[in-house]
Amino acid sequence: KMTQQMRDLQLAQARKPPGPSSPNAAKRLYRNLSGKFRVNYTSFDEGSLAGRGEKEKLRKSYLFQSNAALFEAVELQDLDRVRELLKQYSPEELDLNTPNSEGLLPLDVAIMTNNAPIARALLQAGAKESPHFMSLESRSLHLSTLVREAEQRVNELTAQVVNEAPNADCSEKEKQLKAWEWRYRLYKRMKAGFEHARVPDAPTNVHLSVVSSSSVQVTFWEPLSVNSAVVTKYKVEWSCSPTFSPLLGEAVVDTLKNLHFTIQGLVSGTAYYVQVSAYNMKGWGPPQASMPPFAIPSNWREYDGRAPRRRGQAEALDHLLGQVKTVHQHCVCHEPCKNQPQSRKHSVSKSLKHLFHPSSKFLKTLKRGLYLTAIFYKDDNILVTHEDQIPVVEIDDTYSCLLMQDFLWFTKVSCMWDEILWLRQCVTVSQSSCSCILQTRFKMLLAVSQMQGLLGIQDLGQVFFEPVKDKQGNILIVTLKEVKTNQTFESVRWVPICKLQTSRKSVSSPEEPTALDMLLLSVQDKLAYHQRSSHALSSGLYLGYLKLCSAVDQIRVLVPEQHPNILCHVKIRSNPNISREEWEWLQKMASVDEPVPAEPEAETSQNHLYQELQVAIKELMTLVNIPLPEAKDFRLYSQEVLDFGGQVSFLLLLPPSDDVCTAPGQNNPYTPRSGFLTLPLQIFELGEE
């Protein structure tokens, strides 16, 4: 049968361009693929092709060449070329898992020549072993047949070369002989690799963790031994018995980018034992039990049966807002407002073209007062008016009230950009009270409406956490929004930020710059803050540090500059779930009088969490510049685990009760290093959402 396969292969090669059959041929093919051939293929003029049939024929020929190149690269043990081909082409284009005429796949060649780096690269790309090798006997027989057929062919060609007179045919036979000699040596090396291989050792670092009330996750590393063949898959088994009899289930993990597996559909409160074994071409190796040996699916909320704090809150708030709107919808007090002429007429343009209209109400210079500016950016470009100015509108030119409370109120308004008209109507009802605060806030809403109308955009983005103030009495409230879509706007002018900064002519002195100049000089910092404030943490359990400081009119919270929407933190582990047993241990630790509780028993999830917490606390104290001995008076917040969307959770580390919030004038001996800032608590709460 094998002889017939080889003859069929020879006939096929006679009818189509021959594939590479030697190292020199492979090198020629590499040059062909990476140079002339590839350029010719991609530079074809569509009009020069006769039809779809010719294009399809060319495509198949191109893919055949790439598949042959991959086989040759693996056979020549050219790791760089293998990586290059895997990067250039998809597994489908390479026919990565389609056996060749000899019944082999690229992964088979890499494994049986014991080339671990190439085998791992192929496995990472999704390569599989040949389905022809259903048993050790079938693989051994197949390799023996390949070696015997290659040896027979070498003998035949040798006899022909020796007996024939030198001519063109003889020269061709010599080339074939060299190619078959090379292939004969390859098959012998593959056969020897298979015969000397042994089953793999057990996986290492098999760790079991609870990820929910109905699932556990096992993570593991590959075996330490380098003498056995490459591992191509793993088997995870689980049972309620430490003897694994009977088995409750098993699963094969053949995607080796991340060595882990989540066992789902388990019963909460039941102990499950897990073991993992590795597989190579010689079969399955011994299993390795997990550490800890078993896990009980659970969640910390089961400790006292509490429900999630935020369950139904968003729906309740939406319902409450709907009720408020319904009450005000038919209020007769709103009718005069609807027909009342506005003090500043503005266009309700539906595009950004009004930015460049001569009658634009954007301001060029600032007088003493309160202003609103909107920064829209895309990559390194910023949106400006037809006069190369950042859009600015006036809020109040006689502003004299306390700014901070008005500013914090405005940040909440930024969550309702689509409801500005309705908010204006609500504030108008109470305008007769002549309250300075209400008058200012009504003017803020008017300015927002004006900005929205001039820009033709409802969503003005996120409010920067502090206004820009100058010594002339100008105050700028800044909103920031990134434009990510490729939407094109009519007559829009995008200007590079650096060009805007260099071309703007300042009308103030360097000693006393205006608020606009200060904004332009610091615009990159503000854009960086805006981008970082939207970064999400990767899934996991974190240890956060809560530190507040108070002033006369606000409380501020310490945050890292790289994640201003999150408390200072370090990652404890990738699993965000706290099991019931772990939470019970944390409760006991929080209730003891000793500063350092007794270490939990070994080989338990509690002990693993204890070790992880020790590492995380040391890292966090170093991060915020607090000497480790001072941490003995710190406490873990034991009332709840802070849960953010199910994928991120926090344990909080608190300073002593007297030091959680530093009062004005109070000495704080430990100040964080650079890389931190303090945000108003209300701003932080909005960013956290």
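Visitor: Which residues form the nonpolar patch on the surface with about 330 Å² of accessible area together?

Guide: Leu317, Leu320, Leu321 and Val324. Before we go on: this is a predicted model, where local features need pLDDT of at least 70 and side-chain atom pairs count only at pLDDT 80 or more, while totals for chains, interfaces and linings use all residues. Residues are numbered from 1 along each chain as its sequence is written, and side-chain values use heavy atoms, with hydrogens and water left out.

Visitor: Okay, but what makes those four a nonpolar patch?

Guide: Patches take residues with over 30% relative accessible area and no salt bridge; nonpolar side chains (Val, Leu, Ile, Met, Phe, Trp, Tyr) are joined within 5 Å, like charges within 9 Å. Take Leu320, which sits in helix 11 (residues 313-329). Leu320 has a relative accessible area of 47%, and the patch cut-off is over 30%, so Leu320 clears it. The areas come from the Shrake-Rupley method with a 1.4 Å probe, and for residues only the protein chains shown count as cover.

Visitor: Why is Leu320 called partly exposed?

Guide: Buried means under 20% relative accessible area, exposed means over 50%, and partly exposed is what lies in between (1.4 Å probe, protein chains only). Leu320 comes out at 47%, so partly exposed is the label.

Visitor: And what makes Met190 buried?

Guide: Its relative accessible area is 0%, so Met190 meets the buried label. Met190 lies in helix 10 (residues 168-196). Not counting residues up to four places away in sequence, Met190 touches Leu104, Val109, Met112, Thr113 and Leu143, where a contact is heavy atoms within 4.5 Å. The C-alpha atoms of Met190 and Thr113 are separated by 5.0 Å, with their positions 77 residues apart along the chain.

Visitor: How do you know that helix 19 has the span expected of it?

Guide: The expected span is 1.5 Å times one less than the number of residues. For the 12 residues of helix 19 that gives 16 Å, and the end C-alpha atoms are 17 Å apart, so the two agree. Helices here are DSSP runs of H or I with at least four residues, strands are E runs of at least two, and both are numbered from the N terminus.

Visitor: Which residues of helix 19 are buried, and what covers them?

Guide: Glu582, Trp583, Trp585, Leu586, Gln587 and Met589 are the buried ones. The cover includes strand 19, helix 20 (605-623), strand 20 (635-636) and strand 22 (648-654). Leu586 has 4% relative accessibility, so it counts as buried. Beyond four places in sequence, Leu586 is in contact with Leu609, Leu613, Leu636 and Leu651.

Visitor: Why is the Glu102 and Arg183 pair called a salt bridge?

Guide: The term needs a side-chain nitrogen of Lys or Arg within 4 Å of a carboxyl oxygen of Asp or Glu. The closest N and O atoms of Glu102 and Arg183 are 4.0 Å apart, and the pair is listed as a salt bridge. Glu102 lies in the loop between helix 6 (91-94) and helix 7 (106-112) and Arg183 in helix 10, so the pair ties together parts 81 residues apart in sequence. Glu102 is buried at 7%, and Arg183 is buried too, at 11%. Glu75 joins Glu102 and Arg183 in a network of salt bridges.

Visitor: What makes Lys443 and Asp396 a salt bridge, then?

Guide: Their side chains meet at 3.3 Å, N to O. This pair links distant parts of the chain: Lys443 is in helix 15 (residues 436-455) and Asp396 in strand 11 (residues 392-396), 47 residues apart. Lys443 is partly exposed at 28%, whereas Asp396 is buried at 6%. The whole structure has 15 salt bridges.

Visitor: How do you know that Asn115 caps helix 8?

Guide: A side-chain oxygen of Asn115 lies 3.2 Å from the backbone nitrogen of Ile118, at the N-terminal end of helix 8. A polar contact is a pair of N or O atoms within 3.5 Å; within protein, one must be able to donate a hydrogen and the other to accept it, and residues adjacent in sequence count only if both atoms are side-chain atoms. So 3.2 Å falls within the 3.5 Å cut-off. Just after helix 8, Gly126 takes a positive phi of about 100 degrees.
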